Amino acid sequence: MNANGQQRAAIRPGMTVDIVLKQDQPTGKLTRGIVKDLLTKSPNHPHGIKVRLQSGQVGRVKAICEPGTPAQ
């Protein structure tokens, strides 16, 4: 994890992030994608900022990825 996804100010549309989907929360399986929309309105969230990816998937950001970083 290169940066955590708990601070809304650190996340912008177009960034590549790893999220945990609601159904993957028990296993912690990460899904990589590009941020389309930020759904959490508060400046921070202890479980990660909720985002919608360009693919339409919704989940909480667990890591902000550098371009070209391999998926975990």
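Modeller: Let's start with a term: buried means under 20% relative accessible area, exposed over 50%, and partly exposed in between (1.4 Å probe, protein chains only). This is a predicted model, where local features need pLDDT of at least 70 and side-chain atom pairs count only at pLDDT 80 or more, while totals for chains, interfaces and linings use all residues. Residues are numbered from 1 along each chain as its sequence is written, and side-chain values use heavy atoms, leaving out hydrogens and water.

Biologist: How many helices and strands does the chain have?

Modeller: Helices (H or I, at least four residues) and strands (E, at least two) are DSSP runs, numbered from the N terminus. Going along from that end, the elements read β-β-β-β. So the count, by those DSSP runs, is 0 helices and 4 strands.

Biologist: Why is β4 largely enclosed by the rest of the structure?

Modeller: β4 covers 58–64. It is largely enclosed because, of its 7 residues, the number buried is 5.

Biologist: Which strand pairs with β4 over 5 bridges?

Modeller: Two strands pair if DSSP finds at least two bridges between them. β3 runs antiparallel to β4, with 3 bridges joining them. The antiparallel partner with 5 bridges to β4 is β1.

Biologist: Which element gives the largest share of the largest nonpolar core?

Modeller: A nonpolar core is a set of buried Ala, Val, Leu, Ile, Met, Phe, Trp, Tyr and Cys residues joined through side-chain atoms within 4.5 Å. The largest one here has 11 residues, including Val-17, Ile-19 and Leu-21. β1, β2, β3 and β4 each give two or more residues. The largest share, 3 residues, comes from β1.
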